[in-house]
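Here is a set of short exercises to work through with the viewer open. Try each task yourself before you read the solution below it.

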Amino acid sequence: MNNPIGTDIINCAKQLTRQVVAPDEAKNPIGDIFGGWLLSHMDIAGGQRAYDVADGRAVTVAVDKMTFKKPLYAGDHLKIYTDVASIGHTSVSIHVIVEVEREGENVEVADGIFTFVAINKDKRPRPIYEE
């Protein structure tokens with residue numbers, strides 16, 4: 001990527017990053033899938049995309065604007081998409097979108113912005129792009 005640091009990435013393609021089936025074991029007491037289970041898979045997908053952008057290890061530092069839009073059920077096949085929202089000096093924000101197929105249509109069930117910081121071998125922040 002040759003985007004200037006600190007700028008938003010407008011036309012970065014949404015990518016299918018992870019697929020997983022929601023298991024019975026992840027149900028909450030009312031029978032839907034527990035939001036924390038979904039959040040963990042969204043974080044994994046965001047981390048995979050952040051690793052690619054940062055060209056190495058990146059750790060989660062924030063989750064913003066997390067929205068659970070529709071319930072998720074055991075047996076749902078999740079498609080987790082990621083899109084680069086912005087890149088800073090040491091950080092990258094990833095928009096994570098979760099869809100499931102319902103009645104032949106893709107339905108968005110959740111989305112959020114996950115921010116990651118690139119780290120070096122000493123686990124200290126490092127620049128995403130060499131200056």
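**Exercise 1. A residue in a loop**

Task: Find where Glu103 lies, then work out whether Glu103 is buried or exposed.

Solution. Start with the location: Glu103 sits in the loop that runs between β4 and β5. Next, take the accessibility. The relative accessible area of Glu103 is 85%, and the cut-off for exposed is over 50%, so Glu103 counts as exposed. Last, look at the backbone: phi of Glu103 is near 50°, a positive value in a residue other than glycine. As background, most residues other than glycine have a negative phi.

Now try Lys65 in the same way. Lys65 belongs to strand β2. Its phi is positive too, at about 55°, although Lys65 is not a glycine. With a relative accessible area of 72%, Lys65 is exposed.

**Exercise 2. How far to trust the model**

Task: This is a predicted model, so check the confidence before going further. What is the average pLDDT of the protein chain, and what share of the residues score at least 70?

Solution. The chain averages a pLDDT of 90, and 89% of the residues score at least 70. Then look for the weak spot: over residues 1–11 the pLDDT is below 50. Beyond near neighbours in sequence, that stretch still has 22 contacts in the model, but keep its low score in mind when you look at those.

**Exercise 3. Laying out the fold**

Task: Write down the pattern of helices and strands along the sequence, then give the order of the strands in the sheet.

Solution. Count first: the protein chain has 1 helix and 5 strands. Reading along the sequence gives β-α-β-β-β-β. In space, the 5 strands form an open sheet with the order β1-β3-β4-β5-β2 and antiparallel pairing. Now pick out the edges. β1 (15–21) and β2 (58–68) each have a single partner strand, so one side of each is left without a neighbour in the sheet. Neighbouring strands are turned by 25° against each other on average, ignoring direction.

Zoom in on one edge. β2 pairs with β5 in the antiparallel sense over 8 bridges. To find your place in that pairing, look for Ala62, which stands opposite Thr115 in β5.

For a chain-wide view, take the contacts between residues at least 6 apart in sequence: 68% of them join residues at least 24 apart.

**Exercise 4. Finding the core**

Task: How many residues does the largest nonpolar core have, and which ones make the most contacts inside it?

Solution. Begin with burial across the whole chain: of its 131 residues, 40% count as buried. The largest nonpolar core has 29 residues, and those with the most contacts inside it are Trp37, Leu38, Leu72, Leu78, Val92 and Val98. Next, ask which elements supply them. α1 (35–54), β3 (77–87), β4 (91–102) and β5 (105–118) each contribute at least two residues. The largest share, 7 residues, comes from α1. In general, nonpolar side chains in soluble globular proteins tend to be buried together.

Finish by picking one of these residues and listing its partners. Leaving aside neighbours within four places in sequence, Leu72 touches Asp32, Ile33, Trp37, Leu38, Leu78, Val100, Arg102 and Val109.

**Exercise 5. A charged pair**

Task: Which side chain makes a polar contact with the side chain of Glu99? Then decide for Glu99 whether it is buried or exposed.

Solution. Place Glu99 first: this residue is in strand β4. Its relative accessibility is 12%, and buried means under 20%, so Glu99 counts as buried. The polar partner is Lys14, with the two side chains 3.3 Å apart at that contact.

Now go to the other end. Lys14 is found in the segment before β1 and is partly exposed, with a relative accessible area of 42%. Leaving out neighbours within four places in sequence, Lys14 is in contact with Tyr81, Thr82, Asp83, Ile97 and Glu99. Under that rule, the contacts of Glu99 include Lys14, His77, Leu78 and Tyr81.

Two C-alpha distances round this off. Lys14 and Ile80 are 66 residues apart in sequence and 10.0 Å apart in space. For Glu99 and Asp111, the values are 12 residues and 9.0 Å.

Conventions
Residues numbered from 1 in each chain as written. Predicted model: local features only at pLDDT ≥ 70, side-chain atom pairs only at ≥ 80, totals over all residues. Heavy atoms only, no water. Core = buried A, V, L, I, M, F, W, Y, C linked by side-chain atoms within 4.5 Å. Buried < 20%, exposed > 50% of the residue type's maximum accessible area, 1.4 Å probe, protein only. Helix = DSSP H or I, 4+ residues; strand = E, 2+ residues; numbered from the N terminus. Contact = heavy atoms within 4.5 Å. pLDDT = per-residue confidence, 0-100. Pairing = 2+ DSSP bridges. Axes fitted to C-alpha atoms, helices over the stretch in contact; angles between N-to-C directions. Polar contact = N/O pair within 3.5 Å; in protein donor to acceptor, adjacent residues only side chain to side chain.
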